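Hi there,

Here is the structure I promised to hand over. Please open it and keep it beside you while you read my notes.

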Amino acid sequence: MNESIGDNLEKVRGQIEASASRAGRSAGAVALIAVSKAHPPEAVGEAIASGQLLFGENRVQEARAKIPRLPERARWHLIGHLQSNKIRQALPLFERLHGIDSLALAREVNRVAAELGLFPKVLLELNVAGEGSKFGFNPEAIRAEMEELLALDRLEIDGLMAIPPFTPEPEASRPYFRALRECRDRLAREFRVPLPELSMGMSHDFPIAIEEGATFVRVGTAIFGSRKGKAWKPEA
Ligand SMILES: *Cc1c(COP(=O)(O)O)cnc(C)c1O
């Protein structure tokens, strides 16, 4: 990608407005998370200079090295799976965790949050395609665990997240986005709890996700270009 990060951001914001408008939604109801994983702090700095303040990382170690190098006004979400031995490090860094993918992890985050005096905002990750290789609650089985999840007094559970199987054809993601929204509607009704947030949609399919109700889109490549390595590391 030859265009600058600022140009890319402008383009993505335009696409967000266009798809929100197609769906009769306000673009202000969709928060853009610029996924900076594997990119250096300088790239994040460029995005900040273009007015982007919300960023997503998927590795706690990488985020721990990157976040202190950037202005404090930047805000950070953890968008991937969280290992239980990283909870203590993760909680103070991130204003939201998107990948709460099991009851065991939720209990553990709740316990550590209590020790640290925190009330993290979290999203429950659903495995909408039933893929064996993926993290996440089964959309049916979660109903048996919902009462206990909602009783975890340190967690502010206010929505759902999903990562559908990748297909190059963006329309192929639509049924999964719709399934996540419908699952949210069902859980909200059955358990009488507002679950306003839906984290869904990446570079190739975020316009579709917005049409289906996304409130957070997680966009990396379309902003920062392709990722060279797996993670960014500071020079030794
Ligand atoms: C990497 C990542 C993204 C961003 O993917 P792009 O295709 O680069 O936009 C979004 N969500 C999660 C969970 C990711 O790990």
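Below are my notes on the ligand site and on one residue, Thr215.

First, the background: this is a predicted model, in which local features need pLDDT of at least 70 and side-chain atom pairs count only at pLDDT 80 or more, while totals for chains, interfaces and linings use all residues. Residues are numbered from 1 along each chain as its sequence is written, and side-chain values use heavy atoms, with hydrogens and water left out.

**The ligand**

Residues with a heavy atom within 4 Å of the ligand include Val35, Ile79, Ile163, Met202 and Gly220. Three side chains pair with the ligand through N or O atoms, as polar contacts do (N or O atoms within 3.5 Å; within protein, one must be able to donate a hydrogen and the other to accept it, and residues adjacent in sequence count only if both atoms are side-chain atoms). Lys37 comes 2.6 Å from a ligand oxygen, Ser203 is also 2.6 Å from an oxygen atom of the ligand, and Arg218 lies 2.8 Å from a ligand nitrogen. The protein covers 90% of the 390 Å² of accessible area that the ligand has on its own (Shrake-Rupley method, 1.4 Å probe).

**Thr215**

You will find Thr215 in the loop between α8 (206–211) and β8 (216–219); helices are DSSP runs of H or I with at least four residues, strands runs of E with at least two, numbered from the N terminus. Thr215 counts as buried because its relative accessibility is 12%, where buried means under 20% (1.4 Å probe, protein chains only). Its side chain makes a polar contact with that of Glu197, at 2.7 Å.

Happy exploring!

Note on methods
Buried means under 20% relative accessible area, exposed over 50%, partly exposed in between (1.4 Å probe, protein chains only).
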